[in-house]
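This report goes through one protein chain, from its fold to its surface. Please look at the sequence and the structure before reading on.

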Amino acid sequence: MSGEEQEGNCYIMKENERLRKKAQLLNQENQALLSELKQKLSKGNSKANASKSIPDLNLSSANPSNSSN
């Protein structure tokens, strides 16, 4: 392997490691934001459920015309 090839490989390996670390940080940030969003939605849903109840349409959709398919 020539010196240029080794230098190129070394650069690629360092760049790969840099990008891997960046991806890990972005993943951690995404997980934190997702957790925060879930908490906010949960709080919002509990407030909405306390004031009015929304029926689950999937549970009450016993439509006889669809049963023949």
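## A starting question

By about how many helical turns are E36 and K40 separated in helix α1? The model is a predicted one. E36 and K40 are separated by about one helical turn, because they are four residues apart in helix α1.

## Overall fold

The secondary structure of the chain consists of one helix and zero strands. This helix, α1, covers residues 3–51.

The chain has 69 residues, and buried residues make up 0% of them. Its accessible surface is about 6800 Å². Carbon and sulfur atoms account for 54% of that surface.

## Salt bridges

Side chains of opposite charge can pair when their charged atoms come close. The structure holds three salt bridges.

One salt bridge joins E15 and R18, with 2.6 Å between the closest N and O atoms. Both residues lie in helix α1, three residues apart, which is about one turn of the helix. E15 has a relative accessible area of 24%, so it counts as partly exposed. R18 is also partly exposed, at 45% relative accessibility.

Another salt bridge is formed by the side chains of E17 and R20, at 2.9 Å from N to O. E17 and R20 are three residues apart in helix α1 and are therefore separated by about one helical turn. E17 is partly exposed, with a relative accessible area of 35%, and R20 is partly exposed at 41%.

E36 and K40, the pair from the starting question, also form a salt bridge. Their closest N and O atoms are 3.3 Å apart. Is each partner buried, partly exposed or exposed? E36 is partly exposed because its relative accessible area is 39%, a value between the limits of 20% and 50%. K40 has a relative accessible area of 54%, so K40 is exposed; the cut-off for exposed is over 50%.

## A nonpolar patch

Which residues form a nonpolar patch on the surface? They are L34, L37 and L41, and together they have about 270 Å² of accessible area.

L37 is found in helix α1. Its relative accessibility is 46%, so L37 counts as partly exposed. A residue must have over 30% relative accessible area to be part of a patch, and L37 has 46%.

Notes. Residues are numbered from 1 along each chain as its sequence is written. This is a predicted model: local features need pLDDT of at least 70, side-chain atom pairs count only at pLDDT 80 or more; totals for chains, interfaces and linings use all residues. Side-chain values use heavy atoms; hydrogens and water are left out. Patches are made of residues with over 30% relative accessible area and no salt bridge: like charges are joined within 9 Å, nonpolar side chains (Val, Leu, Ile, Met, Phe, Trp, Tyr) within 5 Å. Accessible areas come from the Shrake-Rupley method with a 1.4 Å probe; for residues, only the protein chains shown count as cover. A salt bridge is a side-chain nitrogen of Lys or Arg within 4 Å of a carboxyl oxygen of Asp or Glu. Helices (H or I, at least four residues) and strands (E, at least two) are DSSP runs, numbered from the N terminus. Buried means under 20% relative accessible area, exposed over 50%, partly exposed in between (1.4 Å probe, protein chains only).
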